[in-house]
Every structure is written in structure tokens, then in C-alpha cells.
Amino acid sequence: MYLHFFWTSCFARDYNVNALKAKLGKEVIMRNRRKPKRTGEAGKSGGFTLMELLVVVTIIAILAGFLFPVVNGIIRKTRGSQAEQTAQNLKAAISAYFTDYRKYPARSDGGTIADVTVESSHELMDILLPSDAEKRPGGLNTRGTGYYTGKTAKPISGGRYRSGVVLEADGGGELWDPFGSYYRVRMDADYNQRVDAPTWYTGLRLAERVIVWSPGPDRDDDDSGDNIKTW
Ligand SMILES: [Ca+2]
Ligand SMILES: [Ca+2]
């Protein structure tokens, strides 16, 4: 009886072990047969989905749309302040020249006929910087005094410059506003203590001896809403 019980137990134990092995083998096979994770599921743990990227790009685009006008406005305002300061400096340089020479730095300054309007091109700046030719006898700055100093201009498209002086090898040069135009200068060359106002400005005359203006970002005198002036 005991022998039978022992035999039965061993046989049953072997049977259970074999059954368990078979079951585990089946489980392993079933697991191996499962489908691999999809790319999207893997992306959730290690990266962005396409939808998430689209949302981020959309948010960045919206923010850029808001920020661009703000940044553009700040740049315009800064350049406007630069233009006004430079115009005042140019006016001061012309006044200093007048103090020394008792006349205005212009070849067309006959002294009695009319006010003179020039631009801050070589016509004016060669005298104020001055160029070698203007320092020689017969020039308009024979003392050789530098009445204007400023930072060097930066080239922009179309052969123009902005925000400073383009200095030539002979000492002469040009002065450009921050928007790619020359400054306009009107001087009291008929010595009546006032200058005619520019056509774009309301009023006939100004109680000034020198006025300087920039046509502004649009580079247009007549469209005067953005013009920058010293008076
Ligand atoms: Ca005048
Ligand atoms: Ca303008």
C-alpha cells in the first residue's frame, strides 16, 4: 500500500512538473507572439508625437505674430531717436562753423539772396569733416577744424548707408540717417534771422538759423508724418 502511494505521488509529481513546463513554454511562446509596440506608444515615453509638435509650432507662430510688430516698433523708435540726436549734432556742428567763420558752410552761401538748402552729402560734410581740398587755400575750412565726428555708417542695399559717416581717404565724406537717406539742412544764408519752412511743414517761416530734418523711415519728405526734425 505504501509503495503504491509513493509511486502514485512520484508519478503525479512528474506529471505536474511536465504540465507546468508545458504551460510555461506556451506562455513564453504567446508572449513572443505579441505584436511589437507601435511607434506612437514608444514616442510617448521618449519624444514628441506629430500632434504635439504641431501644437508647439502653432504656439510659436502665434507668439511671433504678436512679437514682430512690438520689436519692429522698438527698432523704429530707437532709430528715430538716433536720427533726432544726429540731426541736433549736425546743427550744432554748423553753428560752431558759423562761430568760427561768420558764414555758413555752403558754396552757394552768397550772403544776401536766400536761405540755402543742402544735404549731408559731400557738398556739406567735406567742409565740416573736412576734406583735404576744403583745407587748402580757397577751401571753406582752411583752419582744418573737424566740426563733426560720428560713428561709421553701415552699408545697406542700393548703394546706400545708414546711421553714420562714410569717411573717404581724403578726409571728406557723407552722413547718413538711420533709414538710408541724407539729412536735409537749411541755413539762414540771407541773414534775416529765420529760415523758410520746408514745403511739407505747416507755416511759412521758422525763427531758426539752421534747421535739419530727416525724411524718416519712408525716405519721403512730402509724406511728412514720419519726418524727424530739429525744431
Ligand atoms: Ca533766412
Ligand atoms: Ca517721410
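How many residues does helix H3 have, and how far does it reach from its first C-alpha to its last? Select residues 50–101 to see: H3 has 52 residues and reaches 74 Å, close to the 76 Å expected at 1.5 Å a residue. Keep in mind as you look around that this is a predicted model.

**The whole chain**

Zoom out for a moment and colour by secondary structure. The protein chain has five helices and 10 strands. Of its 231 residues, 26% are buried. Among contacts with a separation of 6 or more, 49% are between residues 24 or more positions apart.

**Along H3**

Back to H3, and click on Leu67. The helix bends there by about 30°, and a proline, Pro69, follows within four residues. Now move along to the buried residues of H3: Ala83, Thr86, Ala87, Leu90, Lys91, Ala93, Ile94 and Tyr97. Their spacing is worth a look with the helical repeat in mind. An α-helix has 3.6 residues a turn, so residues three or four places apart point the same way.

What covers these buried residues? Show helix H4 (122–128), strand S5 (173–176), S6, strand S9 (210–214) and strand S10 (228–229), which are included in the cover.

Next, select Ala92, also in H3. Ala92 counts as partly exposed because it has 15 C-beta neighbours inside 10 Å, while a buried residue needs 20 or more. Try a distance from here: the C-alpha atoms of Ala92 and Val210 are separated by 9.0 Å, although these residues are 118 apart along the chain. Just after H3 ends, stop at Arg102, whose phi is positive, near 60°.

**Into the core**

Show side chains for Leu90, Ile94, Leu128, Tyr183, Val185, Met187 and Val212. These have the most contacts inside the largest nonpolar core, a group of 33 residues. H3, S1, H4, S5, S6 and S9 each give two or more residues to this core, and H3 provides the largest share, six residues. Centre the view on Leu90. Leaving aside neighbours within four places in sequence, Leu90 is in contact with Ser120, Tyr148, Leu175, Tyr183, Val185 and Val212.

**A strand with two faces**

Finish at strand S1, residues 116–119. Which of its side chains are buried? Val116 and Val118 are, pointing to one face, whereas Thr117 and Glu119 point to the other and are not buried. Add strand S6 (residues 184–187), which pairs with S1 in the antiparallel sense over four bridges. Select Thr117 and Arg186 together to see one pair of bridge partners.

Key. Residues numbered from 1 in each chain as written. Chains lettered and ligands numbered in written order. Predicted model: local features only at pLDDT ≥ 70, side-chain atom pairs only at ≥ 80, totals over all residues. Buried ≥ 20, exposed ≤ 12 C-beta atoms within 10 Å, placed from the backbone. Pairing = 2+ DSSP bridges. Expected span 1.5 Å × (residues − 1). Bend = angle between axes of the 7 residues up to and from the residue. Contact = placed C-beta atoms within 7 Å. Core = buried A, V, L, I, M, F, W, Y, C linked by C-beta atoms within 7 Å.
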